[in-house]
Amino acid sequence: MDHLPIFLDVKDKWVAVIGGGVAAARKAEMLLRAGAQVTAFAPVLDEEFFELRDHPAFEYVANEPKQRELRSFFLCFVATGDSQRDEHYHGVAKQSGLLVNVADNPKLCDFVMPSIVDRSPVVVAISTAGASPILGRMLKARIEALIPGAYGRLASFVGRFRAVVSASVPTAESRRRFWENVLDGPVAEMVLAGNEPTAVAMLAEEIERGAQDRPIGEVYLVGGGPGDPDLLTFRALRLMQRADVVLYDRLVDPAIVDLARRDAERIYVGKRRNDHAVPQEEISELLVRLALEGKRVLRLKGGDPFMFGRGGEEIEKLVAHNIPFQVCPGITAAAGCSAYSGIPLTHRDHAQSCVFVTGHGKNGPIERDWSALLHPGQTVVIYMGLAQLERLMRDCMAQGVDPELPAAVVDNGTRANQRVVTGTLRTLAARARAAQLRGPTIIIIGSVVALRDQLNWFASERDEAVEPSESGLRSVAVDVEHLETIENEAGRAVCSQTMMF
Ligand code: SAH
């Protein structure tokens with residue numbers, strides 16, 4: 001951050017504006033709107049000042065400001081329209097100990113004036129720290145469109161009842177929840193629709209309820225998608241902004257965890273220092289305990305919570321304790337990796353069905369009838385298969401599947417460091433090992449893989465064809481195995497290991 005954004009209270013404080021042109025008039029106007037007492041120093045005032053001259057808080061001095069004179073001011077704006085004079089007055093004001101803003105001269109500014117969207121009492125300030133005023137203006141236009149004019153009225157309405165609510169709704173936690181419900185619900189709708197009397201009556205009812213209610217927590221089981229934060233759903237983002245506590249694990253990208261409410265508590269339940277993930281039972285108990293404390297708990301999972309994510313298990317305990325919860329789907333790794341690798345999972349000329357399988361079951365690597373799954377017209381996607389890649393490919397071929405069937409490994413799909421290794425059942429394992437993939441990865445098998453040549457659109461610098469190398473093979477095998485075991489601990493599918501579409 002180049003500047004510290006603060007909102008100054010200038011009410012009844014004296015502010016000097018040096019200059020009599022348009023730029024000076026704009027500053028004076030803004031200052032008067034914020035309640036300041038403005039003194040304009042200039043030999044003459046342009047007509048832009050015409051309307052300001054009668055303002056009771058405006059004063060005009062036709063003389064040069066003297067250093068001694070400026071000392072009694074709170075702030076100083078310099079905008080004479082002449083850079084040399086600007087520099088001179090900047091020096092005078094600085095010697096008087098003031099914070100100074102010089103129009104169009106960032107180097108001489110102690111503070112900058114942001115673009116603003118004024119929905120008083122709500123004010124949004126935008127600064128690009130001088131990098132691109134045009135971008136600042138574009139953002140301002142977007143935000144103008146986003147925040148209805150009536151939001152100012154809504155903020156004033158809420159402001160009028162703050163003291164009453166603070167006196168009646170007991171804890172800070174329940175007050176926050178109270179206001180979130182009000183601002184997100186029918187009371188706000190009434191205010192925005194201009195029906196304040198009804199809104200006041202409804203608010204009174206809410207206050208009565210808020211005063212009695214014991215806070216009830218709730219749990220949001222949210223899918224955070226495969227990595228790229230842009231792939232979050234609107235609902236996921238909204239719930240992340242509401243949560244008091246966030247429980248997340250290794251597969252959730254840090255950039256996604258960052259999007260949670262800034263003051264939300266974050267609890268990592270992935271791999272601990274001793275390399276063991278927090279046991280499932282403990283996570284479920286934690287969810288229950290936090291919700292019973294009245295918290296809004298967000299359980300953030302990679303991909304989709306119900307896809308090889310043990311989401312179902314985690315919320316079973318909530319049902320037993322009557323804790324309200326909701327499940328927000330996310331883009332599962334197969335969908336994300338398919339899109340970002342340019343490998344459609346179905347295609348009318350290639351595959352009319354697709355199967356999602358896990359390479360790792362509750363009791364270790366799984367045995368499958370691959371010849372039944374890998375038939376023409378069907379794509380197979382394997383989750384959690386990297387550590388078993390050699391064995392999986394060997395099993396497929398041993399069961400009579402064509403060794404030349406195209407197959408791909410997508411590593412860190414949708415992320416900036418995505419890598420895709422393609423080959424066939426015969427070549428894929430060696431190529432993947434040589435590429436030293438670290439996971440998370442999924443394996444896609446089927447003739448759709450060949451479409452990548454045409455449909456690959458996502459540019460990732462790390463995405464290149466790799467030839468097998470013996471030394472690479474041996475050195476990474478252990479590492480990957482180790483990582484994948486941890487991954488399996490966190491994401492083991494228990495009820496079903498295959499999903500048909
Ligand atoms: N619920 C998750 C899956 C959890 S199981 C989902 O819907 O995606 C963990 C497995 O998901 C990993 O072992 C890997 O196979 C896969 N996976 C998760 N994120 C991935 C990513 N960005 N790229 C490739 N595979 C990923």
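This tour proceeds from the whole chain to its cores, one covered helix, two loop residues and a surface patch.

The model is predicted, so local features are reported at pLDDT of at least 70 and side-chain atom pairs at pLDDT 80 or more, whereas totals for chains, interfaces and linings use all residues. Numbering starts from 1 along each chain as its sequence is written, and side-chain values use heavy atoms, without hydrogens or water.

**The whole chain**

Begin with the full protein chain, which has 18 helices and 20 strands; these are DSSP runs (helices H or I, at least four residues; strands E, at least two), numbered from the N terminus. Of the 501 residues, 48% count as buried, where buried means under 20% relative accessible area, exposed over 50% and partly exposed in between (1.4 Å probe, protein chains only). The chain exposes about 25600 Å², of which carbon and sulfur atoms supply 54%; accessible areas come from the Shrake-Rupley method with a 1.4 Å probe, and for residues only the protein chains shown count as cover. Among contacts (heavy atoms within 4.5 Å) with a separation of 6 or more, 67% join residues 24 or more positions apart.

**The nonpolar cores**

Next, select Trp-370, Leu-389, Met-393, Ile-443 and Ile-445, the residues with the most contacts inside the largest nonpolar core, which has 26 residues. A nonpolar core is a set of buried Ala, Val, Leu, Ile, Met, Phe, Trp, Tyr and Cys residues joined through side-chain atoms within 4.5 Å. Two or more residues each come from S13, helix H14 (370-373), S16, helix H15 (389-398), S17, helix H16 (428-434) and S19. H15 gives the most, with 4 residues. Centre on Trp-370: beyond four places in sequence, the residues it touches include Val-357, Val-380, Ile-382 and Leu-392. A second, separate core of 22 residues can be located through Val-10, Ala-28, Leu-52 and Ala-79, which are among its members.

**Helix H13**

Select residues 333-341, helix H13, where 7 of the 9 residues are buried. The buried positions are Ala-333, Ala-334, Gly-336, Cys-337, Ser-338, Tyr-340 and Ser-341. Their packing partners are strands S13 (351-358), S16 (377-383), S17 (406-411), S18 (419-424) and S19 (441-445), together with helix H17 (452-455). Immediately after H13, inspect Gly-342, whose phi is positive, near 70°.

**Two loop residues**

Move to Asp-244, in the loop between helix H9 (234-242) and strand S9 (245-248). Asp-244 counts as buried because its relative accessibility is 6%. Its side chain makes a polar contact with the side chain of Arg-261 at 3.4 Å; a polar contact is a pair of N or O atoms within 3.5 Å, and within protein one must be able to donate a hydrogen and the other to accept it, while residues adjacent in sequence count only if both atoms are side-chain atoms. Beyond four places in sequence, Asp-244 also touches residues including Glu-173, Arg-176, Gly-294 and Lys-295.

Then select His-321, in the loop between helix H12 (311-320) and strand S12 (325-328). His-321 is partly exposed, at 38% relative accessible area. Outside its neighbours within four places in sequence, His-321 is in contact with Val-288 and Leu-292. The C-alpha atoms of His-321 and Ala-291 are separated by 9.8 Å.

**A surface patch**

Finish with Leu-4, Ile-6, Leu-8 and Phe-74, which form a nonpolar surface patch with about 410 Å² of accessible area together. Patches are made of residues with over 30% relative accessible area and no salt bridge, like charges being joined within 9 Å and nonpolar side chains (Val, Leu, Ile, Met, Phe, Trp, Tyr) within 5 Å; a salt bridge is a side-chain nitrogen of Lys or Arg within 4 Å of a carboxyl oxygen of Asp or Glu. Within this patch, Leu-8 lies in the segment before strand S1 (14-18) and is partly exposed, with a relative accessible area of 45%.
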